[in-house]
Amino acid sequence: METRKAGEKRDLLGMTIEEMKAFATELGEKPFRGKQIFQWVHRGAASFDEMTDLPKKLREKLEKEARIGSLALLEVQEDPEDGTRKFLFGTAEEGIESVFMQYSYGNTLCVSTQMGCRMGCRFCASALGGFLRDLTAGEMLAQVLAAERQTGQTINHIVLMGMGEPFDNYENVSRFLRLMHAPEGRNMSWRHMTVSTSGLIPVMKRFGEDFPQVNLAISLHRIDDEARSQLMPVNRKYPVKELLAAARQYTEKTGRRITFEYALIRGENDRPEDVSSLCAALKGMLCHVNLIPLNSVEETGLAGSSRKRAGEIAKQLEDAGIPATVRRELGTEIDGACGQLRLRRGRTGDKLNR
Ligand code: SAH
């Protein structure tokens, strides 16, 4: 439960329906009022005035005792080509990003789970900015509601691939997933949610038990231990062999296909021999490989492979019986990759431009 100073208003945003009912009771109301408030909050109501089916007296009580958390929007960038929109929320010192993407199957929001990140991946802009703090479930939900308000569209898929390592903030992340699924609220199907991890094995195991229907993506990027440890320090604790064994176990237990993300870095992991070892390692696993030409981040000195090379690699994988796709590049005109927008603002100190 949240800690709260005396006199401070209760934030309704991250509350479960049970907590909302208990809160209504605390206010001397019937529990079903809690359900009504929950519905309003999850529909995106920004004020108690909008909750027109609540008695006026209750709305006044809520005004005094509660608030609906939100995030300050600092900047919006839109890619004129494909309508991808990137939002930077927070304060000048601390920012988080969400990316709104339109696909043929619906609208997806890429959600951040932490302010910054502790994983230190060498190619990633979030790592460069350092770690500030975990986000609450309410702050993750606030990204969804704000993106809907801004775009006027409904988000029907979420991917936890924004800033942060979701499995390094598991309690808040699992609360957020449950909130998104709540039938009285957004009622989002588990299968419309994807969580991406750099490979924290113990939490991954727990996730497989807690959320067997939510999609799991693993950021693999390299297949040999020494090279992966260089690129992703988390590999020193959870090496490739153990990670792949846990992945195999996950697919066997849940019957769900795993996605491996593989950021293509020119000359580092896109050579024919890299692809052969990738094929050998994944052979026979219920999986899919998502190839992403690296979005280059100036500070890292690393460059992405060409789309042509990405296509060749996809073919080599497919020929070996491993389903592979090259991720459609969305938002390349804006700073589309994890943590880039925040990083650029830090570099130039520029202000809200829209
Ligand atoms: N921490 C989690 C989720 C956040 S990152 C994870 O590691 O999976 C989401 C994905 O974007 C990861 O696969 C990450 O490796 C990738 N990524 C980060 N920076 C990137 C960049 N500059 N170009 C391409 N992919 C990047």
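Is His221 buried or exposed? Select His221 and see. His221 is buried, with a relative accessible area of 5%. Keep in mind that this is a predicted model. We will come back to His221 after a look at the whole chain.

**Stop 1: the whole chain**

Show the protein chain as a cartoon. Its secondary structure comes to 12 helices and 14 strands. Now turn the chain around. Its C-alpha atoms fill a box of roughly 70 × 45 × 35 Å, taken along the principal axes. A compact globule of 354 residues would have a radius of gyration near 20 Å, and the 21 Å of this chain agrees with that.

Switch on the surface. About 16,000 Å² is exposed, and carbon and sulfur atoms supply 49% of that area. Of the 354 residues, 56% count as buried.

Think about contacts next. Take those with a separation of 6 or more: residues 24 or more positions apart account for 65% of them.

Colour the charges too. There are 51 positive and 49 negative ones, and their mean positions are 3 Å apart.

**Stop 2: helix α2**

Select residues 31-42, which form helix α2. Two residues here deserve a click.

Start with Gly34, which lies in this helix. Gly34 is buried, because its relative accessible area is 0% and the cut-off for buried is under 20%. Leave out residues up to four places away in sequence, and Gly34 touches Met20, Lys21 and Ala24.

Now select His42, also in helix α2. At 3% relative accessibility, His42 counts as buried. Show what surrounds His42. Beyond residues up to four places away in sequence, His42 touches Leu13, Met15, Leu141, Leu145, Leu179, Gly185 and Arg186.

**Stop 3: helix α3**

From Gly34, draw a distance line to Arg59. They are 25 residues apart in sequence and 12 Å apart in space, C-alpha to C-alpha. Arg59 is found in helix α3, residues 56-65.

Which residues does Arg59 touch, not counting residues up to four places away in sequence? They are Phe48, Asp49, Met51, Thr52 and Leu54.

Then draw a line from Arg59 to Tyr105. These two are 46 residues apart along the chain, and their C-alpha atoms are separated by 38 Å.

**Stop 4: strand β8**

Move to Asp134, found in strand β8, residues 131-134. Asp134 is partly exposed, with a relative accessible area of 28%.

Show the side chains of Asp134 and Gln114. A polar contact of 2.9 Å joins them. Gln114 is one of several contacts of Asp134 outside its neighbours within four places in sequence; the others are Thr113, Arg118, Glu139, Asp168, Asn169 and Asn172.

For a wider view, add Asp79. Asp134 and Asp79 are 55 residues apart along the chain, with their C-alpha atoms separated by 29 Å.

**Stop 5: the loop between α6 and β10**

Helix α6 covers 170-181, and strand β10 covers 193-197. Select the loop between them. Asn187 lies in this loop, and so does Arg191.

Click Asn187 first. Its phi is near 55 degrees, a positive value in a residue other than glycine. Asn187 is partly exposed, with a relative accessible area of 47%.

Click Arg191 next. Arg191 is also partly exposed, with a relative accessible area of 47%. Which residues does Arg191 touch, once residues up to four places away in sequence are set aside? Look for Gln213, Asn215 and Arg256. Zoom in on Gln213. Its side chain makes a polar contact with the side chain of Arg191, at 3.3 Å.

Then zoom out and add Ile313. The C-alpha atoms of Arg191 and Ile313 are separated by 28 Å, and the two are 122 residues apart along the chain.

**Stop 6: strand β11 and back to His221**

Select residues 215-219, strand β11, and pick Ser219 in this strand. Ser219 is buried, with a relative accessible area of 12%. Not counting residues up to four places away in sequence, Ser219 touches Ser196, Thr197, Ser198, Arg228, Met232 and Glu261.

End at His221. Where is this residue? His221 lies in the loop between β11 and α8, which covers 225-231. Its phi is near 65 degrees, a positive value in a residue other than glycine. His221 is in a loop, and it is buried.

Terms used: Residues numbered from 1 in each chain as written. Predicted model: local features only at pLDDT ≥ 70, side-chain atom pairs only at ≥ 80, totals over all residues. Heavy atoms only, no water. Helix = DSSP H or I, 4+ residues; strand = E, 2+ residues; numbered from the N terminus. Rg over C-alpha atoms; globule rule 2.2 N^0.38 Å. Buried < 20%, exposed > 50% of the residue type's maximum accessible area, 1.4 Å probe, protein only. Contact = heavy atoms within 4.5 Å. Areas by Shrake-Rupley, 256 points an atom, 1.4 Å probe, with all protein chains shown as cover. Lys, Arg positive; Asp, Glu negative; His and termini not counted. Charge placed at Lys NZ, Arg CZ, Asp CG, Glu CD. Polar contact = N/O pair within 3.5 Å; in protein donor to acceptor, adjacent residues only side chain to side chain.
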